[in-house]
Amino acid sequence: MTTFEQIKKLSDERKISLKDLANKLGFGENYFYNMKNAKSSPSSEVLLKVADYFHVSVDYLLGREEQTAPQFSPELLDAIDNAEGFSGKPIDDHDKEIVKSLLAAYFAGRDK
């Protein structure tokens with residue numbers, strides 16, 4: 001699978017158009033479609049921005065590794081990162097991982 005195809009697949013899974021993705025990341029709105037027809041690979045800066053947005057590795061975008069961890073939408077990850085406990089204080093990283101694990105288990109069971 002090409003890098004473009006990986007990005008398109010992730011975009012489809014997250015229900016974001018490539019045009020909207022390009023705009024969110026500060027690229028021209030046709031950037032990804034132009035990338036599809038280009039003979040050269042995108043820069044490392046572009047790959048890092050896309051990988052960070054989708055919370056995947058650059059190697060995954062390049063087709064060098066499989067996606068193993070459950071992938072949550074950027075909005076859900078932001079909500080978890082900004083969550084507060086009952087005391088009104090932000091939850092720590094350990095608790096964030098627990099919340100992600102619980103959500104992954106819930107979604108896996110729901111999608112069966």
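**Salt bridges, nonpolar core and helix packing in an all-helical model**

Glu-97 is partly exposed, with a relative accessible area of 46%. In this predicted model, the side chain of Glu-97 forms a salt bridge with that of Lys-100, at an N to O distance of 3.6 Å. Both residues belong to helix H7, which runs over residues 93-110. Glu-97 and Lys-100 are three residues apart there, or about one turn of the helix.

The salt bridge of Glu-97 and Lys-100 is one of six in the structure. Another joins the side chains of Asp-59 and Arg-64, with 3.8 Å from N to O. Asp-59 has a relative accessible area of 33% and is therefore classed as partly exposed. Its partner in the salt bridge, Arg-64, is classed as exposed because its relative accessibility is 64%, the cut-off for that class being over 50%. A further salt bridge links the side chains of Glu-13 and Arg-14, at 4.0 Å from N to O. Glu-13 is partly exposed at 42% relative accessibility, whereas Arg-14 is buried at 15%.

The overall fold was examined next. The protein chain contains seven helices and zero strands, and the order of elements along the sequence is α-α-α-α-α-α-α. The C-alpha trace spans about 50 × 30 × 20 Å along its principal axes. Of the 112 residues in the chain, 29% are buried. Among contacts with a sequence separation of 6 or more, 44% are between residues 24 or more positions apart.

The largest nonpolar core comprises 20 residues. Within this core, the residues that touch the most other members are Ile-7, Leu-21, Phe-32, Val-50, Phe-54 and Leu-61. Two or more core residues come from each of helix H1 (3-14), helix H2 (18-25), helix H3 (31-37), helix H4 (44-54) and helix H5 (58-61). The most are given by H4, which supplies six residues. Ile-7 illustrates the contacts of one such residue: with residues up to four places away in sequence not counted, Ile-7 touches Leu-18, Leu-21, Phe-32, Met-35, Val-50 and Leu-61.

Two further residues of helix H1 were considered, Ser-11 and Arg-14. Ser-11 has a relative accessibility of 1% and so counts as buried, the class being defined by values under 20%. Apart from neighbours within four places in sequence, Ser-11 is in contact with Ile-16, Leu-18, Leu-21 and Phe-54. Two of these residues, Leu-21 and Phe-54, are also listed among the core residues that touch the most other members. Arg-14 is likewise buried, because its relative accessible area is 15%, under the same 20% cut-off. When residues up to four places away in sequence are not counted, the contacts of Arg-14 are with Phe-54, Gln-71, Phe-72, Ser-73 and Pro-74. Phe-54 is thus in contact with Ser-11 and with Arg-14.

The packing of H2 on H4 was then described. Two packed helices are described by the angle between their axes and the distance between the axes. The axes of H2 and H4 come within 11 Å and cross at roughly 110°. H2 is therefore roughly perpendicular to H4, since angles of 65 to 115 degrees fall in that class. On the H2 side, the contact is made by Leu-21, Lys-24 and Leu-25, and these residues meet Lys-49, Val-50, Tyr-53 and Phe-54 of H4. By residue type, the contact consists of five nonpolar, no polar and two charged residues. Leu-21, Val-50 and Phe-54 take part in this contact and are also among the core residues with the most other members touched.

Finally, Gly-63 lies in the loop between H5 and helix H6 (74-81). Gly-63 counts as partly exposed because its relative accessibility is 47%, between the limits of 20% and 50%. Gly-63 and Thr-3 are separated by 60 residues in sequence, and their C-alpha atoms are 6.9 Å apart in space.

Terms used:
Residues numbered from 1 in each chain as written. Predicted model: local features only at pLDDT ≥ 70, side-chain atom pairs only at ≥ 80, totals over all residues. Heavy atoms only, no water. Buried < 20%, exposed > 50% of the residue type's maximum accessible area, 1.4 Å probe, protein only. Helix = DSSP H or I, 4+ residues; strand = E, 2+ residues; numbered from the N terminus. Core = buried A, V, L, I, M, F, W, Y, C linked by side-chain atoms within 4.5 Å. Contact = heavy atoms within 4.5 Å. Axes fitted to C-alpha atoms, helices over the stretch in contact; angles between N-to-C directions. Parallel < 35°, antiparallel > 145°, perpendicular 65-115°, else oblique. Nonpolar A, V, L, I, M, F, W, Y, C, P; charged D, E, K, R; others polar.
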